[in-house]
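Colleague: Before we go through this model together, could you show me how to read its pockets and its helix packing?

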Number of protein chains: 2
Amino acid sequence: MAPILADNSSSNLPERDNYVNNGFGYVKNPHLDLLSEDILYHFDLGTRTHDLPSMFGDVKFVCVGGSPNRMRDFAIFIYQELGLDGDGSDITDICAGTDRYSMYKAGPVLSISHGMGIPSISIMLHELIKLLHHAKCRDVTIIRIGTSGGIGIEPGTVVITDIAVDAFFRPQFEQVILDKVVIRNTQLDQKLAESLLHCSKEIDDFPSIIGHTMCTYDFYEGQGRLDGALCSFSKEEKCEYLQRAYIAGVRNIEMESSVFAAMCHLCGLKGIFL
Amino acid sequence: MAPILADNSSSNLPERDNYVNNGFGYVKNPHLDLLSEDILYHFDLGTRTHDLPSMFGDVKFVCVGGSPNRMRDFAIFIYQELGLDGDGSDITDICAGTDRYSMYKAGPVLSISHGMGIPSISIMLHELIKLLHHAKCRDVTIIRIGTSGGIGIEPGTVVITDIAVDAFFRPQFEQVILDKVVIRNTQLDQKLAESLLHCSKEIDDFPSIIGHTMCTYDFYEGQGRLDGALCSFSKEEKCEYLQRAYIAGVRNIEMESSVFAAMCHLCGLKGIFL
């Protein structure tokens, strides 16, 4: 198999996409089709124990967010919006066998929790993408709906991410593979973002903008909060940093956007990040 | 306030501990004592809404692990071991108002879930350390009990971490503070580790060792797994990497040890990592 980096002696090079695509789907892993069984550990699902095509073959939208309770509420909301039988209140957690993530299905819409932070959403995305592969899903759109802190915008404003940037305002995600670092593209689907912004204009009092989203590994020191257990900077240093972020085009900060954008981009999965 | 780095133009310097300590406790944040109210957002607890000294003042041990269900089971086990009233099965989640973390108390022992990955456990540790500060707890020991993948050891072996290393086998944790990177010490309490190893010898068939623990940001590509949605390396490359890890003293891999060790070290909190 070709190495990811043209020159293994250098790190931090932009990644060349020489992954092997497994047919029509989103997976890029030639080892996967050789497995007699694929276990999606953190969903408590597997190719031998579950009929994934019949369970998930009709999925067209996947909505993800941090909190399990919120993703259950969202699934019930969608259930009712789609006019499915009943009120959706008896919807069950498909991942009930584990407490790592929660997953609900309302017609063609999956609603899944991803926990907090890049590593947590990354595990979920790997297993979700494999699930879509095994279930032979096509033309899927994944939408992340989550909380974030705004920068220089009115509270309540929805920021539709065009690109995720890191704590240094760089539009990239560093993925460690074994002990190599590769740089991944964090651009999201611009047409989808604009289409969603257009939809938001049809609703009164629903302030929405398109902007850069900064993704950090830390909620307290990494986002300039003065109320963590540790803090070594002044209020002035915090404000100066956030002003620089604003000038760089950052409109909100959160903790999952960069790996979400990078994996969508690499796997050819249409993604929206809110 | 003094900057963290002597020379702000350089990054990746070892951190000089010039944090300001708030009295006797574990917190190092001079802003905290100026707040009229401190809200521990992700625990759904606060200094105005809860009497933290009366709720937590007697805490001497905090046990943490990824899964909420497992930490509930552990709290019930400890409840029974301590011979407290009843069988502990009616123990309630102190953080029931949120689904970010779960927290149970059995006498002087707190049992808390931390989710998956460095960012998730980091938020929990910030709020836990503030909780211990507000509750005026002293002489607390924090013990992490979690799952990990062994390297070159018998399955079932408990690895007591002496030091956490990163994916490049470096004994350090990189903390981003605003847009500065500081390098933190990831050494854990050696006497505690040895004392725990000694205890394990008193139990039959309880294989335990002391070793380095490698902490990664990713479960699939970062830990050399061949069954993720993305994989660009061969089985041979994976094995070669794990062999190098073993030679560097790594005996297990998981996703939270480095920030756990770094925060314990910096805050003066006695920590054990399993």
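Modeller: Let us begin with the term itself: a pocket is an open set of grid points with protein on both sides within 12 Å along at least five of seven lines, and its lining residues have an atom within 4 Å of a point. Please keep in mind throughout that this is a predicted model.

Colleague: Which residues lie nearest the centre of the second largest pocket, and how many residues line that pocket?

Modeller: The lining of the second largest pocket consists of 29 residues, and those nearest its centre are A:Pro68, A:Asp99, A:Arg100, B:Pro68 and B:Asp99. Two elements give two or more residues to this lining, namely helix H2 (68-81) of chain A and helix H2 (68-81) of chain B, with H2(B) giving the most, three residues. The volume of the second largest pocket is about 530 Å³, and its lining divides by class into 15 polar, eight nonpolar and six charged residues.

Colleague: What is the volume of the largest pocket, and which residues lie nearest its centre?

Modeller: The general idea is that rolling a probe the size of a water molecule over the atoms shows where empty space is left. In this model, the largest pocket holds about 1000 Å³ of space, and it is lined by 42 residues, with A:Glu174, A:Tyr217, B:Glu174, B:Val176 and B:Tyr217 nearest the centre. In each of chains A and B, helix H3 (118-134), strand E10 (172-177) and helix H6 (257-267) each supply at least two residues of that lining, which by class comprises 19 nonpolar, 15 polar and eight charged residues.

Colleague: Helices H3 and H6 appear in that lining; at what angle do the axes of H3(A) and H6(A) cross?

Modeller: In general, two packed helices are described by the angle between their axes and the distance between the axes. For H3(A) and H6(A), the axes come within 9 Å and cross at roughly 25°. Because angles under 35 degrees count as roughly parallel, H3(A) is described as roughly parallel to H6(A). Their crossing is right-handed, and the contact is made by A:Ile118, A:Ile121, A:Ser122, A:Leu125, A:His126 and A:Ile129 of H3(A) with A:Ser258, A:Val259, A:Phe260, A:Met263 and A:Cys267 of H6(A). By class, this contact of H3(A) with H6(A) has eight nonpolar, three polar and no charged residues.

Colleague: And how are H3(B) and H6(B) packed, parallel or antiparallel?

Modeller: H3(B) and H6(B) pack at an angle of about 25°, with their axes 9 Å apart, and they are therefore roughly parallel to each other. The crossing of H3(B) and H6(B) is right-handed, and the residues making the contact include B:Leu125 and B:Ile129 of H3(B) and B:Phe260 and B:Met263 of H6(B).

Notes. Residues numbered from 1 in each chain as written. Chains lettered and ligands numbered in written order. Predicted model: local features only at pLDDT ≥ 70, side-chain atom pairs only at ≥ 80, totals over all residues. Heavy atoms only, no water. 1 Å grid on protein atoms, 1.4 Å probe; cavity = no way out; pocket = protein on both sides within 12 Å on 5 of 7 lines; lining within 4 Å. Points joined across faces, edges and corners; volume = space filled by probe spheres on them. Helix = DSSP H or I, 4+ residues; strand = E, 2+ residues; numbered from the N terminus. Nonpolar A, V, L, I, M, F, W, Y, C, P; charged D, E, K, R; others polar. Axes fitted to C-alpha atoms, helices over the stretch in contact; angles between N-to-C directions. Parallel < 35°, antiparallel > 145°, perpendicular 65-115°, else oblique. Left-handed = near helix turned anticlockwise from the far one by under 90°. Contact = heavy atoms within 4.5 Å.
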